[in-house]
Amino acid sequence: MTEVANILNAVYNALSAAFGPQNWWPADGPEEMIIGAVLTQNTTWKNVEKALANLRDNNLLTFAAIADTPLAELEALIRPSGYFRQKSQRLKDLAEAIVNAGGLAKLENLATAKLRKWLLKQKGIGPETADSILLYAFARPVFVIDAYTLRIGKRHKWLAESADYAKAQKLFSQNLPAEVRLFNEFHALLVQIGKNFCRPRNPRCCDCPLSQFSRPLITGKTSL
Ligand code: SF4
């Protein structure tokens, strides 16, 4: 195992011991997961839950149903998630694209790289959303990077200051076994740290489960 792999392994164990299983993604099936992934952009999960509840109450948690629903109706239902005009249009476009592609069962047959490409072609789906969908809806071993992961990685010098999404993803992907369960938990655990400890200002390092890793542990030219 390389030094970086050892560190990531130790980080995972520390997080796991601190927080236990995260059981992500909080959704009842892949359709609800994907809908939630679109709605969660730029808002809190609490707001997403309200929008999902509205869709559920109206039997609209399937892509076939969303594709058949007038935009104005969708807008009213997902309003709690914010940016409701943009999100309802994106959700409807995505639902139509999935229905036209033959549904999730058909997309499931695509290799991961092709499926990622297909997802990234859909309006409003960037790398983080696409990779979340790949990992949590399609159970593909793809490591999801988000702002929390970038911040934590840069503060600990696992990542260079200039590292972007692709470089951060490479760091985790190349130094961890490509296991869906591991990637699922690791991402969810890093979100816990980002939300509760590694804030943009005044990080709570003193009581953070990663405080033992707070000094640059990777020396020399090890950042990607
Ligand atoms: S120890 Fe500090 S810098 Fe490291 S993850 Fe925790 S809060 Fe962030």
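A residue counts as buried when its relative accessible area is under 20%. Ser88, at 0%, is therefore a buried residue. Keep that cut-off in mind as you look around this predicted model, because Phe197 meets it as well, with a relative accessibility of 10%. The tour below starts with the domains, moves to helices of domain 2, and ends at Phe197.

**Domains**
- The assignment splits the protein into domain 1, made of residues 3-23 and 144-213, and domain 2, which spans residues 30-137.
- Between the C-alpha centres of domain 1 and domain 2 there are 26 Å.
- Where the domains meet, 10 residues of domain 1 are in contact with seven residues of domain 2.

**Helix H5 and Ser88**
- Helix H5 runs over residues 71-78, and its buried residues are Leu74, Glu75, Leu77 and Ile78.
- The cover over these buried residues includes four helices: H2 (30-39), H3 (45-57), H4 (63-67) and H6 (84-100).
- Ser88 sits in helix H6, one of the helices that cover the buried residues of H5.
- Beyond residues up to four places away in sequence, Ser88 touches Leu71, Leu74, Glu75 and Ile78.
- Of these partners, Leu74, Glu75 and Ile78 are themselves among the buried residues of H5.

**Helices H2 and H9**
- A packed pair of helices is described by the angle between the axes and the distance between them.
- For H2 and helix H9 (residues 127-137), the angle is about 160° and the axes are 10 Å apart.
- H2 is therefore roughly antiparallel to H9, since an angle over 145 degrees falls in that class.
- The two helices, H2 and H9, cross in a right-handed sense.
- On the H2 side, the contact is made by Pro30, Met33, Ile34 and Ala37; on the H9 side, by Thr129, Ser132, Ile133, Tyr136 and Ala137.
- Sorted by class, the contact of H2 with H9 has seven nonpolar residues, two polar ones and no charged ones.

**Phe197**
- You will find Phe197 in the segment that follows helix H12 (180-196).
- Setting aside neighbours within four places in sequence, Phe197 is in contact with Phe19, Gln192, Pro203, Arg204, Asp207, Cys208 and Pro209.
- Phe197 and Pro127 are 70 residues apart along the chain, and their C-alpha atoms are separated by 25 Å.

How values were computed: Residues numbered from 1 in each chain as written. Predicted model: local features only at pLDDT ≥ 70, side-chain atom pairs only at ≥ 80, totals over all residues. Heavy atoms only, no water. Buried < 20%, exposed > 50% of the residue type's maximum accessible area, 1.4 Å probe, protein only. Contact = heavy atoms within 4.5 Å. Axes fitted to C-alpha atoms, helices over the stretch in contact; angles between N-to-C directions. Parallel < 35°, antiparallel > 145°, perpendicular 65-115°, else oblique. Left-handed = near helix turned anticlockwise from the far one by under 90°. Nonpolar A, V, L, I, M, F, W, Y, C, P; charged D, E, K, R; others polar. Domains from an automatic or database assignment.
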